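Hi there,

Here is the structure I promised to pass on to you. Have a look at it first, and then read on for what I found in it.

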Amino acid sequence: MASHRRPKQPSRTRVTVLTTAAAAAVALSSQAANAAPSEKPSKDEVKAKVDKLYQEAEQATEKYNGAKEKQEKLQKEISTIQDNVARGQEELNELRDGLGSMASSQYRSGGIDPSLQLFLSADPDNYLDKASTLDQLSGQQVETLKKVQEKQRDLAQQRAEASEKLKDLSATRTELGKKKKEVQGKLSSAQKLLNSLTAQEKAALQADEQRATRSSERQVLTGTGTPASGRAAAAFAAAQSKLGTPYVYGATGPSSFDCSGLTSWAYAQAGVGIPRTSEAQTGAGTRISSMSQLQVGDLVFFFNDLHHVGLYAGNGQVLHAPRTGTVVRYESMSTIGGPFMFGVRV
């Protein structure tokens with residue numbers, strides 16, 4: 001007959017450990033459940049973080065624009081120098097050919113002049129430093145040798161200048177790549193935050209922006225601002241024709257703009273050339289410190305580092321290309337996100 005044994009009961013220590021572990025697990029689950037709702041940021045919190053990222057992206061964009069402008073300038077300067085060097089080398093070759101002809105003529109008439117022979121076989125700089133040998137050359141030969149020496153020095157200087165500019169160009173291209181990567185990183189982070197919002201929250205944010213834009217449009221239409229000049233009026237009208245055009249960092253129009261791209265394009269349509277970047281545009285005219293003295297078409301600058309610029313639209317409004325995800329639009333100067341610093345009358 002099989003024996004029946006009672007199952008072994010767990011020890012008191014094991015029961016205590018299991019009970020404690022279970023209680024801890026329940027507590028953690030409860031905490032996680034309670035914390036979960038607060039981990040997801042609110043719509044307003046997301047908007048604040050996104051606005052900050054967009055501001056940082058625009059700061060990087062203006063630095064990117066500056067590096068790009070510098071790169072284009074260096075490329076033109078290097079191209080000009082290289083063309084000059086090529087022409088100078090041709091002139092030098094012609095001078096040397098002329099000296100060779102002199103040597104051939106002397107050889108046919110009884111031998112090459114020792115001094116000319118010395119020149120043809122050595123550095124003319126060293127040769128011309130020996131003034132005593134000049135007496136042995138004809139006036140034409142002396143003049144040609146001096147031209148050769150001057151041309152060689154010019155070419156050496158131009159080649160050295162080109163070499164330095166090429167180094168500067170390489171460093172500028174590296175900086176350009178870093179700034180582009182920084183801008184893209186900020187925009188990517190902002191997009192991830194926006195993607196975390198529900199469709200209803202996204203719609204609410206968009207509705208808020210549309211209301212603000214409509215309010216600014218009404219303020220502009222009811223305003224009585226007068227243009228600073230005929231050129232300012234033409235620039236402002238050009239910018240108005242681009243209302244609704246998308247913001248794209250680094251863009252200068254006509255199908256997309258960033259902030260300084262819009263202002264430089266608008267003034268170009270009025271026949272006025274102003275610098276490409278917002279910081280450089282601060283020197284494009286007379287500074288206006290008081291907001292009450294601004295006139296329509298004046299450039300207006302925001303933030304301590306002057307990384308944002310627009311066109312004054314009158315009645316406390318600005319016409320500008322705000323940031324990624326928006327279009328060229330009117331906006332109250334009080335809602336830009338950074339302080340108004342000053343205006344510039346071009």
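Let me start with Thr245, whose side chain reaches the backbone oxygen of Lys242 at 2.7 Å. Thr245 sits in the loop between α7 and α8 (259-269). Is this threonine buried or exposed? With a relative accessible area of 10%, Thr245 is buried. If neighbours within four places in sequence are left aside, Thr245 is in contact with Pro254, Ser255, Ser256, Phe257, Val327 and Val328.

Please keep in mind that this is a predicted model. The average pLDDT of the protein is 82, and 77% of the residues score at least 70. Two stretches call for caution. Over residues 1-5, pLDDT stays under 50, and the model has zero contacts for them beyond four places in sequence. Over residues 12-37, pLDDT again stays under 50, with one contact beyond four places in sequence.

Now to the sheet. It is an open one with six strands in the order β1-β6-β2-β3-β4-β5, and the pairing is antiparallel. At the edges are β1 (286-288) and β5, each of which pairs on one side only. From one strand to the next, the twist averages 40°.

Two of the strand pairs are worth a look in detail. Strand β2 (residues 299-302) and strand β3 (residues 308-314) run antiparallel and are joined by four bridges. Phe301 has Val309 in β3 as its bridge partner. Two helices pack on the sheet as well. Helix α6 touches β3, β4 (317-320) and β5, and its direction makes about 90° with that of β5. Helix α7 (residues 230-240) also touches β3, β4 and β5, and the direction of α7 makes about 105° with that of β3.

The other pair is β4 and β5, which are antiparallel over four bridges. Here the bridge partner of Leu319 is Tyr330 in β5. Which way do the side chains of β5 point? Arg329 and Glu331 point one way, Tyr330 and Ser332 point the other way, and all of them are buried. That fits the general pattern, since side chains in a regular strand alternate between the two faces of the sheet.

Helix α7 deserves a second visit, for Ala235 is found there. Ala235 counts as buried, because its relative accessibility is 0% and the cut-off for buried is under 20%. Leaving out residues up to four places away in sequence, Ala235 touches Ala266, Tyr267, Ala270 and Leu311. Take Ala270 from that list: it is 35 residues from Ala235 in sequence, yet their C-alpha atoms are 5.2 Å apart in space.

Finally, the charged side chains. How many salt bridges does the structure hold? There are 16. One of them is formed by Glu56 and Lys186, with the closest N and O atoms 2.9 Å apart. Glu56 lies in helix α2 (residues 43-108) and Lys186 in helix α5 (residues 139-195), so this salt bridge ties together parts that are 130 residues apart in sequence. Glu56 counts as buried at 19% relative accessibility, while Lys186 counts as partly exposed at 23%.

Helices α5 and α2 also hold the partners of another salt bridge, Lys165 and Glu77. The closest N and O atoms of Lys165 and Glu77 are 2.8 Å apart. These two residues are 88 residues apart, so here too the pair links distant parts of the chain. Lys165 is buried, with a relative accessible area of 18%, and Glu77 counts as partly exposed at 26% relative accessibility.A further salt bridge brings us back to β5: the side chains of Arg329 and Glu209 meet at 3.2 Å, N to O. Arg329 lies in strand β5 (residues 329-332) and Glu209 in helix α6 (residues 199-222), so the pair ties together parts that are 120 residues apart in sequence. Arg329 counts as buried at 12% relative accessibility, and Glu209 counts as partly exposed at 24%. There is also a network, in which salt bridges that share partners join Lys43, Asp44, Asp208 and Arg211.

Enjoy the structure, and best wishes!

How values were computed: Residues are numbered from 1 along each chain as its sequence is written. This is a predicted model: local features need pLDDT of at least 70, side-chain atom pairs count only at pLDDT 80 or more; totals for chains, interfaces and linings use all residues. Side-chain values use heavy atoms; hydrogens and water are left out. A salt bridge is a side-chain nitrogen of Lys or Arg within 4 Å of a carboxyl oxygen of Asp or Glu. Buried means under 20% relative accessible area, exposed over 50%, partly exposed in between (1.4 Å probe, protein chains only). Two strands pair if DSSP finds at least two bridges between them. Axes are lines fitted to C-alpha atoms, for helices over the stretch in contact, and angles run from 0 to 180 degrees between N-to-C directions. Contact means heavy atoms within 4.5 Å. A polar contact is a pair of N or O atoms within 3.5 Å; within protein, one must be able to donate a hydrogen and the other to accept it, and residues adjacent in sequence count only if both atoms are side-chain atoms. pLDDT is the predictor's confidence in each residue, from 0 to 100.
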